Amino acid sequence: MYSEKVMEHFRNPHNMGEIPDADGVGTVGNPICGDLMTIYIKVKDNRLTDIKFKTFGCGAAIATSSMITELARGKTLEEALKITRGDVAESLDGLPPVKMHCSNLAADGLHAAIEDYLKKRGGQK
Amino acid sequence: MRTVYMDYAAGKPVDERVLEAMMPYFNQKYGNPSSVHSFGNEARKTIDEARGRVAELTGAERTNEIIFTSGGTESNNLAIEGVAYRNKAKGNHIITSSIEHMSVMNTCKHLSKQGFEVTYLPVDRHGFVDLQALEKEITDKTILVSIMYANGEIGTVEPIGKIGEIAHRKGAYFHVDAVAATGQIPMDVKKENIDLLSLSSNDMYGPRGVGALYVRTGAGVQPVVYGGGQERGLRSGTENLPGIVGMGKAAEIAKAEMKIEAARLTNLRDKLIKGILDSIPESYLNGHPTERLPNNVNVRFSYIEGESLILSLDMEGVACSSGSACTSKTLEPSHVLLAIGLKHEEAHGSLLFTLGKQNTEDDVKYVLDLLPGIVKRLRKISPLTPKELIV
């Protein structure tokens with residue numbers, strides 16, 4: 001059902017965990033639907049210096065979370081905001097069609113974390 | 001790698017003895033039972049022997065009360081649609097439960113668009129049909145009550161005899177979907193007031209693509225498949241001779257070995273349940289502890305999702321199922337788990353093991369050795385898990 005790449009990330013998810021002093025946190029999805037994802041980011045000089053995730057959900061949800069941390073790490077905020085759901089799926093050599101909508105939340109999670117960071121920073125000014 | 005198949009509800013291997021019995025009927029004994037010549041006579045005799053074996057498994061009084069179909073789904077369609085259309089003049093009300101198989105659910109849904117009224121009885125947290133609700137809902141307009149013998153997902157065995165009594169008191173036909181229970185537990189259509197009983201071949205280690213419907217003599221049923229009038233006109237189409245022979249042999253073996261195999265599986269089932277509940281915090285049994293199919297283990301774990309559990313077990317060679325939305329085509333969690341009162345997120349975390357002939361104590365031990373670590377790993381990944389559970 002899943003590509004080998006998806007299974008690889010499911011087996012050994014990259015950057016799994018929390019960042020206690022995160023600069024931005026984004027949570028998307030809903031346990032009622034079966035997928036819930038939290039992305040934590042550290043930002044320095046407009047760049048994502050660290051990114052971690054925690055995910056409740058199916059294999060695709062865990063693999064996309066892992067993949068987004070790889071895609072986004074080191075990127076500028078502008079670059080990170082351009083990462084799409086399609087980019088995540090493509091980097092995983094595709095997802096089953098049925099999983100494209102429900103479990104492919106990682107890009108949304110990343111964007112939510114960046115928005116959280118921008119909002120907090122805006123508040124400080 | 002070691003493999004442990006614990007998904008027998010999804011599919012079973014054909015018993016070697018069944019396969020052997022079937023083989024000649026592909027290319028050596030190929031007569032059509034409708035033919036007048038000796039080839040036809042032989043085929044007819046063979047089918048009637050198989051019919052007799054299936055009849056014996058159900059307690060049917062007459063052999064010709066067994067109608068062969070293409071499987072459990074067709075049997076359920078024929079029973080429900082067949083009774084509904086034939087008895088329209090008497091009434092338009094059908095009663096079923098909220099935990100039936102999709103072949104019952106969707107047939108009823110279809111009929112509700114054709115002018116029939118369908119009542120879906122609630123079940124309690126164990127999955128038992130609410131008998132008081134049945135008494136309350138059944139009226140003179142009720143033509144059919146359709147309740148499953150046992151639920152294939154949570155294993156709950158329904159009080160079939162009592163339900164049949166209530167249905168008959170009001171003059172309604174009683175159909176029982178016994179597909180999940182076929183060959184696992186004894187049933188008796190006479191004692192249990194059953195008018196129609198759906199059976200599946202593969203569920204008792206027979207081939208797929210064949211099933212049967214017991215139709216009590218005198219029950220008014222109209223066909224859903226029209227043609228040459230085979231199977232007393234209730235199921236037209238040239239008989240699936242090898243399949244029917246296989247189902248007959250499977251029924252014979254099931255009847256002879258059911259008691260011993262059910263005891264063996266019940267022992268494995270209870271060991272697996274106890275082992276899981278003892279070793280994994282916040283794990284729960286779905287269904288009833290004792291009134292359940294001998295091979296059914298349905299558990300749920302808080303904070304994690306079933307598909308990732310299945311994938312993790314599959315990587316270690318263990319095959320099982322889940323009621324999670326993420327494993328269904330419709331992306332809805334199991335209607336059965338929701339009907340017993342589970343929240344969506346609880347249904348997502350369910351895991352279904354269905355044991356069978358080839359499972360051993362070692363298999364149970366293998367799963368029990370693996371599962372706590374898998375649950376722990378996924379809980380570590382989940383943002384929902386309370387801190388104290390992952391230290």
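Q: Why are α9(B) and α12(B) called oblique to each other?
A: Helices α9(B) and α12(B) pack at an angle of about 130°. Angles under 35 degrees count as roughly parallel, over 145 as roughly antiparallel, 65 to 115 as roughly perpendicular and the rest as oblique. About 130° belongs to the rest, so α9(B) and α12(B) are oblique. The angle is taken between N-to-C directions and runs from 0 to 180 degrees, with axes as lines fitted to C-alpha atoms, for helices over the stretch in contact. Here the axes are 10 Å apart.

One note before going on: this is a predicted model, in which local features need pLDDT of at least 70 and side-chain atom pairs count only at pLDDT 80 or more, while totals for chains, interfaces and linings use all residues. Residues are numbered from 1 along each chain as its sequence is written, and chains are lettered from A and ligands numbered from 1 in the order in which they are written.

Q: Which residues make the contact between α9(B) and α12(B)?
A: From α9(B) come S308(B), L309(B), S312(B) and L313(B), and from α12(B) come L370(B), I374(B) and L378(B). Contact here means that C-beta atoms, placed from the backbone, lie within 7 Å. By class that's five nonpolar, two polar and no charged. Nonpolar covers Ala, Val, Leu, Ile, Met, Phe, Trp, Tyr, Cys and Pro; charged is Asp, Glu, Lys and Arg; the others, Gly among them, are polar.

Q: What handedness does the crossing of α3(B) and α8(B) have?
A: Left-handed. That label applies if the near helix is turned anticlockwise from the far one by less than a right angle, and right-handed if clockwise. The axes of α3(B) (residues 38–58) and α8(B) cross at roughly 35° and come within 8 Å. By contrast, α9(B) passes α12(B) in a right-handed crossing.

Q: What makes up the contact of α3(B) with α8(B), by class?
A: Eleven nonpolar, two polar and five charged residues. Among them are A43(B), I47(B) and R53(B) of α3(B), and L241(B), G248(B) and K255(B) of α8(B).

Q: How many residues does domain 1 of chain B bring to its contact with domain 2 of chain B?
A: 21, against 22 of domain 2. Domain 1 (4–10 + 258–389) and domain 2 (16–254) follow the domain assignment, with bounds from an automatic or database source. Their centres, over C-alpha atoms, are 29 Å apart. On the domain 1 side, α8 (241–279), β10 (296–301) and α10 (335–339) of chain B each give two or more residues.

Q: Which element gives the most to the side of chain B that touches chain A?
A: It's α9(B), with four residues. In total, 18 residues of chain B are in contact with 18 residues of chain A. That side of chain B has ten nonpolar, five polar and three charged residues.

Q: How do you know that β1(A) and β2(A) pair?
A: Strands pair if DSSP finds at least two bridges between them. Seven bridges join β1(A) to β2(A), so the pair qualifies. One of the partnerships is G24(A) with I41(A).

Q: Why do β1(A) and β3(A) count as edges?
A: The open antiparallel sheet has the order β1-β2-β3 in chain A. β1 (24–30) and β3 (47–56) each have a single partner strand, so one side of each is left without a neighbour in the sheet.

Methods:
Contact = placed C-beta atoms within 7 Å.
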